[in-house]
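These are my notebook entries on one structure, written in the order in which I looked things up. I kept them terse, and I went from single residues to strands, cores and pockets.

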Amino acid sequence: MEKGFGSGSHDWVLHIEGGGWCNTIASCSSRKRTALGSSKYMDAPVQFSGILSHDPLQNPDFYNWNKVKIRYCDGASFSGHPDAESKNGSELFFRGQLIWEAVMDQLLSLGLSNARQALLSGCSAGGLATLLHCDNFQGILPKGATVKCLADAGFFLNEKDVAGNHTIESFYRDVVNLQGIAKSLNKDCLSKMEPHKCFFPQEFIENIKTPLFLVHPAYDFWQIRNILAPDESDSQRSWLSCKLNIFNCNPSQLEVLRGFRNSLLKTLGKFQQNKEGGMFINSCFIHCQTWMAETWHSPTSPRINNRTIAECVGDWYFNRKEAKEVDCPFPCHPTCYNMDFTRGL
């Protein structure tokens with residue numbers, strides 16, 4: 001945590017770390033002795049950059065706010081419950097919801113209870129945690145405070161993979177069942193469908209009452225690797241080169257990727273009409289973009305209509321102007337920060 005100063009002394013920006021999920025006793029056990037499973041193995045100090053930077057050139061709207069990075073160690077986007085803990089001697093503790101509540105209690109005691117303005121954000125699994133806990137976050141803050149939420153690369157789509165399999169839905173079903181997540185999910189959603197489907201933002205985003213901003217790459221490399229073309233559905237490894245560098249994708253693969261982008265935009269169609277909502281959907285081959293200066297706000301950051309992500313988020317948070325930006329399809333975007341995983345191979 002870094003304390004705010006000056007005009008930002010009573011304002012707070014929180015950022016929840018990402019790190020995926022675990023869906024079996026074996027995969028959760030493998031995380032147990034890593035930074036994704038226990039605070040004992042986490043590096044210190046933590047770098048505060050991007051949306052957590054104290055530099056006004058890097059973070060023009062939130063640089064002097066109280067800044068908190070919430071480390072991630074539960075494997076279920078802070079939504080697991082103890083009654084799902086295994087009794088087979090694995091010594092796994094599914095207490096994500098309790099961790100969330102404990103972190104909030106501590107922050108409230110450190111001054112969050114007097115917040116005038118607050119922004120809950122997170123990337124990847126932390127972005128999903130932001131969506132899941134957004135309304136709860138607003139509920140624990142003072143009634144007169146301005147409270148909003150920002151999910152970065154946390155809108156995971158429930159799409160079939162290239163082989164026609166429901167890979168991500170099956171994975172989410174296992175995560176939800178193993179860690180007892182249903183108790184943390186949206187009640188309206190649960191009244192209509194199976195719990196694991198309510199772990200997908202597309203099924204509960206309409207129920208979120210707190211103003212929400214989505215930062216999302218239409219060509220999210222994590223989703224391409226794990227939802228669209230997972231290794232188990234690509235036995236010929238024909239997608240390997242494409243998943244390492246989008247410029248290696250052949251025309252038919254690019255067509256599949258454009259179809260995935262179209263599914264995202266169609267799913268977000270109703271949210272785009274939400275007057276209090278904001279969005280920055282660019283056509284970059286990347287995953288999280290708010291925690292790095294290079295993508296959040298710098299001379300070379302991705303821009304849509306000449307606005308960086310930071311400028312768009314600031315315009316939305318402070319109601320300066322409408323902030324709904326959607327990029328044209330790849331490869332039209334010259335300012336993209338595209339990841340290249342072929343380097344070093």
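Entry 1, Ala153. I looked up the accessibility of Ala153 in this predicted model and found a relative accessible area of 0%, so Ala153 is buried. I placed Ala153 in the loop between S4 and helix H4 (167-179). I then read its backbone angle and noted a positive phi of about 55°, although Ala153 is not a glycine. I wrote beside this that most residues other than glycine have a negative phi.

Entry 2, Phe78. I found another positive phi of about 55° at Phe78, which is not a glycine either. Phe78 sits in the loop between S2 and H2, and with a relative accessible area of 1% I counted Phe78 as buried.

Entry 3, the peptide bond before Pro331. I checked omega for the bond from Phe330 to Pro331 and found it near 10°, which I recorded as cis. Pro331 belongs to the segment after strand S7 (324-326). For background I added that most peptide bonds are trans.

Entry 4, Ser124. Which residues does Ser124 touch, not counting those up to four places away in sequence? I listed Gly18, Asp152, Ala153, Gly154, Phe156, His287 and Cys288, so that Ala153 from my opening entry appears again among the contacts of Ser124. Ser124 itself lies in the loop between strand S3 (117-123) and H3, and its relative accessibility is 7%, under the 20% limit, so Ser124 counts as buried.

Entry 5, Asn64. I found Asn64 in the loop between H1 and S2, buried, with a relative accessible area of 5%. Leaving out residues up to four places away in sequence, I noted that Asn64 touches Gly4, Phe5, Gly6, Ser7, Gly8 and Ser9. I also took the C-alpha to C-alpha distance from Asn64 to Cys312, which is 18 Å for two residues 248 apart in sequence.

Entry 6, strand S5. Why is S5 (residues 212-217) described as largely enclosed by the rest of the structure? I counted six of its six residues as buried, and the description follows because of that count. I then sorted the residues by direction: Leu212, Leu214 and His216 point one way from S5, while Phe213, Val215 and Pro217 point the other way, and all are buried. On its pairing, I found that strand S4 (residues 146-152) runs parallel to S5 over four bridges, and that strand S6 (residues 278-282) is joined to S5, also in parallel, by five bridges. At Leu214 I could read a partner in each of these strands, with Ala151 standing opposite Leu214 and Met279 as its bridge partner in S6.

Entry 7, nonpolar cores. I looked next at the largest nonpolar core, which holds 68 residues, and noted that Leu14, Trp21, Phe137, Phe199, Leu214 and Leu257 touch the most other members. Helix H3 (residues 125-140) supplies the largest share of this core, seven residues. I followed Phe137 further and, not counting residues up to four places away in sequence, found that Phe137 touches Leu14, Trp100, Met104, Leu112, Ala118, Leu119, Leu120 and Val147. Apart from this core lies another, of 20 residues, among them Ile51, Val215, Ile309 and Trp316. In general, nonpolar side chains tend to be buried together in soluble globular proteins.

Entry 8, the largest pocket. How many residues line the largest pocket, and which lie nearest its centre? I counted 34, with Gly37, Ser38, Ser39, Cys73 and Ile99 nearest the centre. The elements giving two or more residues to this lining are helix H1 (25-31), strand S2 (66-70) and helix H2 (96-109), and H2 gives the largest share, four residues. I recorded a volume of about 710 Å³ and a lining made of 19 nonpolar, six polar and nine charged residues.

Entry 9, the second largest pocket. I noted a volume of about 310 Å³ for the second largest pocket. It is lined by 16 residues, of which Leu132, Ser184, Leu185, Asn186 and Lys187 are the closest to its centre. H3 and helix H5 (187-190) each give two or more residues to this lining, and H3 gives the most, with six. By class, I divided the lining of the second largest pocket into six nonpolar, six polar and four charged residues.

Conventions
Residues numbered from 1 in each chain as written. Predicted model: local features only at pLDDT ≥ 70, side-chain atom pairs only at ≥ 80, totals over all residues. Heavy atoms only, no water. Core = buried A, V, L, I, M, F, W, Y, C linked by side-chain atoms within 4.5 Å. Buried < 20%, exposed > 50% of the residue type's maximum accessible area, 1.4 Å probe, protein only. Contact = heavy atoms within 4.5 Å. 1 Å grid on protein atoms, 1.4 Å probe; cavity = no way out; pocket = protein on both sides within 12 Å on 5 of 7 lines; lining within 4 Å. Points joined across faces, edges and corners; volume = space filled by probe spheres on them. Nonpolar A, V, L, I, M, F, W, Y, C, P; charged D, E, K, R; others polar. Pairing = 2+ DSSP bridges.
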